[in-house]
Amino acid sequence: MPAYVISEVEMRDAEGFEAYRIIAAKTIAQYGGRYLVRGGAATLIEGSPPPKVIIVVEFPTMERLREWYASPEYAEALRVRQTALDRRLVFVEGVAPV
């Protein structure tokens with residue numbers, strides 16, 4: 001069953017953000033993930049506050065997603081993230097294919 005990382009991001013440092021983005025993308029691909037949404041235009045329809053940058057990544061399974069997040073490869077991106085951006089991060093299970 002697929003699993004998703006949903007991230008709402010606010011950039012604090014442009015150079016650091018770019019470094020994070022490059023490292024993260026490489027590790028996501030390495031662990032079988034793929035971007036579904038990567039900062040495209042977002043329109044608030046209901047609720048508040050207005051959305052920041054939204055990123056959605058799909059992994060084949062929740063187990064694989066968690067392996068990626070805990071991996072030594074992604075640890076480097078997490079170190080960069082601490083000063084480059086603020087974010088909310090959610091892991092959510094998808095539905096089984098029909």
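Let's start with F59. Setting aside neighbours within four places in sequence, F59 is in contact with P2, A3, V5, I28, Y31, G32, G33, R64, L65 and W68. Keep in mind that this is a predicted model.

Now the core. The largest nonpolar core has 19 residues, and F59 and W68 touch the most other members. Which elements give two or more residues to this core? They are β1 (3-11), α1, β3 (53-59), α2 (62-69) and α3. The largest share comes from α1, with five residues.

On to the helix pair. Helix α1 covers residues 14-30, and helix α3 covers residues 72-84. Their axes come within 9 Å. They cross at roughly 155°. An angle over 145 degrees counts as roughly antiparallel, so α1 and α3 are roughly antiparallel to each other. The crossing of α1 past α3 is left-handed.

Who makes that contact? From α1, we have G16, F17, A19, Y20, I23, A24, T27 and Q30. From α3, we have E73, Y74, E76, A77, V80, R81 and A84. By type, the contact of α1 with α3 has nine nonpolar residues, three polar and three charged.

Next, Y35. Find it in strand β2, residues 34-38. Is Y35 buried or exposed? Neither label fits: Y35 is partly exposed, at a relative accessible area of 26%. The cut-offs explain that, because buried means under 20% and exposed means over 50%. Beyond neighbours within four places in sequence, Y35 is in contact with A24, A25, I28, I55, V56 and V57. One of these, A24, also takes part in the contact of α1 with α3. And I28 is among the contacts of F59 as well. Now a distance. Y35 and D13 are 22 residues apart along the chain, and their C-alpha atoms are separated by 22 Å.

Compare that with A96. This residue lies in the segment after β4 (85-93). A96 and A3 are 93 residues apart along the chain. Their C-alpha atoms are separated by 9.9 Å. A3 is one of the contacts of F59, too. As for exposure, A96 is partly exposed, with a relative accessible area of 47%.

Last item, a peptide bond. Most peptide bonds are trans. What about the one from S48 to P49? That bond is cis, with omega near -5°. P49 sits in the loop between β2 and β3.

To recap with two residues: F59 and W68 touch the most other members of the largest nonpolar core. They also touch each other, since W68 is on the contact list of F59.

How values were computed: Residues are numbered from 1 along each chain as its sequence is written. This is a predicted model: local features need pLDDT of at least 70, side-chain atom pairs count only at pLDDT 80 or more; totals for chains, interfaces and linings use all residues. Side-chain values use heavy atoms; hydrogens and water are left out. Axes are lines fitted to C-alpha atoms, for helices over the stretch in contact, and angles run from 0 to 180 degrees between N-to-C directions. Helices (H or I, at least four residues) and strands (E, at least two) are DSSP runs, numbered from the N terminus. Angles under 35 degrees count as roughly parallel, over 145 as roughly antiparallel, 65 to 115 as roughly perpendicular and the rest as oblique. A crossing is left-handed if the near helix is turned anticlockwise from the far one by less than a right angle, and right-handed if clockwise. Contact means heavy atoms within 4.5 Å. Ala, Val, Leu, Ile, Met, Phe, Trp, Tyr, Cys and Pro count as nonpolar, Asp, Glu, Lys and Arg as charged, and the others, Gly among them, as polar. Buried means under 20% relative accessible area, exposed over 50%, partly exposed in between (1.4 Å probe, protein chains only). A nonpolar core is a set of buried Ala, Val, Leu, Ile, Met, Phe, Trp, Tyr and Cys residues joined through side-chain atoms within 4.5 Å.
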